[in-house]
Amino acid sequence: MKKYFLSAPLPTPKITDLRQDSCKDSRFIKPVRLFYKQDGIEKNWDIIHSHDSVSIMLYERDLDAFVIVKQFRPAVFMRNNDGYIYELCAGLVDKPKKSLEEIAAEEVFEECGYEISADRLEKITTFYTAVGISGARQTIFFARVSQADKHAQGGGIDDEKIEVLYLKRDSALAFIRDESYHKTPALAFALNYFFYQANTK
């Protein structure tokens, strides 16, 4: 196994006792059937209303590495019988009184243990995700951090089980091409953006 990380990821925990049931009163999604006409032709499409989100690419200057996370995603498990995904630190936009930057800064602390102010976040872009079923928006931010910002272990809150990993900068592009590691498009986009920006400055 290639050594992309400063410390190897933990062994993947085994998932057991799976069962399925209908989803009637979720706090996170609402399935609906949309009816419409396109050029006079009647059509319909099943969609899911869901929260927008933020994600944050962190570059750790002292370690010369990107701070990313690994966590279990049940929907992915249903596809590949594994479900563990390498991704950016991220969270839902579900606090209407807070700005995207404030929500993102909170996620950085909760998931990765770095305490930064919202004004240290640089917006990369906003795009639409899961356009065939949800169309929610995700805004990606970037921040540079150091060991001086590290004030907690991270790993999420409540019963979240999020593993914090340090992806070596000189291995990052090879990592996103390695399909044996399941990862999100936002992670690949953000890493490519980082190197593109570095080469154009």
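**Exercise 1. Find the residue that stands opposite glutamate 60 in β4, then describe the hairpin around that pair.**

Step 1. Glutamate 60 stands opposite alanine 65 in β4. The model is a predicted one.

Step 2. Strands β3 and β4 pair in the antiparallel sense, over three bridges.

Step 3. Their hairpin has four residues between the strands. Aspartate 64 lies in this loop between β3 and β4.

Step 4. Check the backbone of aspartate 64. Its phi is positive, about 50°, although the residue is not a glycine. Most residues other than glycine have a negative phi.

Step 5. Classify its exposure. The relative accessible area of aspartate 64 is 30%, so the residue counts as partly exposed.

**Exercise 2. Decide how far strand β3 (residues 53-60) is enclosed, and sort its side chains by direction.**

Step 1. Apply the cut-off: buried means under 20% relative accessible area.

Step 2. Count. Eight of the eight residues of β3 are buried, so the strand is largely enclosed by the rest of the structure.

Step 3. Sort. Ser53, Ser55, Met57 and Tyr59 point one way from β3. Val54, Ile56, Leu58 and Glu60 point the other way.

**Exercise 3. Trace the pairing of β3 with β6 and with β8, giving the sense and a partner residue in each case.**

Step 1. Take strand β6 (residues 89-92). It pairs with β3 in the antiparallel sense over four bridges. Isoleucine 56 has cysteine 89 in β6 as its bridge partner.

Step 2. Take strand β8 (residues 136-145). Eight bridges join it to β3, and the two run parallel. Leucine 58 has alanine 143 in β8 as its bridge partner.

**Exercise 4. Continue from β4 to β5, and state which way the residues of β5 point.**

Step 1. Strand β4 (residues 65-72) and β5 run antiparallel and are joined by four bridges.

Step 2. Fix the register with one pair: lysine 70 has tyrosine 86 in β5 as its bridge partner.

Step 3. Strand β5 covers residues 84-87. Tyr84 and Tyr86 point one way, Ile85 and Glu87 the other way, and all are buried.

**Exercise 5. Characterise alanine 130 and arginine 177.**

Step 1. Alanine 130 lies in the loop between β7 (122-129) and β8. Its phi is positive, near 45°, and the residue is not a glycine.

Step 2. Alanine 130 has a relative accessible area of 44%, so it is partly exposed.

Step 3. Arginine 177 belongs to helix α3 (residues 172-177). Its relative accessibility is 61%, so it counts as exposed.

Step 4. Now a distance. Arginine 177 and alanine 188 are eleven residues apart along the chain, and their C-alpha atoms are separated by 8.5 Å.

**Exercise 6. Summarise the whole protein: its elements, its dimensions, its contacts and its surface.**

Step 1. There are four helices and nine strands. From the N terminus on, they run β-β-β-β-α-β-β-α-β-β-β-α-α.

Step 2. Test the radius of gyration. A compact globule of 201 residues would have a value near 17 Å; the protein has 18 Å, which agrees. Its C-alpha atoms fill a box of roughly 55 × 40 × 35 Å along the principal axes.

Step 3. Consider contacts between residues at least 6 apart in sequence. Of these, 64% join residues at least 24 apart.

Step 4. Turn to the surface. Buried residues make up 36% of the 201. The protein exposes about 12900 Å², and carbon and sulfur atoms supply 51% of it.

Step 5. Finish with charge. The mean positions of the 28 positive and 30 negative charges are 4 Å apart.

Technical notes:
Residues are numbered from 1 along each chain as its sequence is written. This is a predicted model: local features need pLDDT of at least 70, side-chain atom pairs count only at pLDDT 80 or more; totals for chains, interfaces and linings use all residues. Side-chain values use heavy atoms; hydrogens and water are left out. Buried means under 20% relative accessible area, exposed over 50%, partly exposed in between (1.4 Å probe, protein chains only). Two strands pair if DSSP finds at least two bridges between them. The radius of gyration is taken over C-alpha atoms; the globule rule is 2.2 Å times the number of residues to the power 0.38. Contact means heavy atoms within 4.5 Å. Accessible areas come from the Shrake-Rupley method with a 1.4 Å probe; for residues, only the protein chains shown count as cover. Lys and Arg count as positive and Asp and Glu as negative; His and the chain ends are not counted. The place of a charge is taken as NZ of Lys, CZ of Arg, CG of Asp or CD of Glu.
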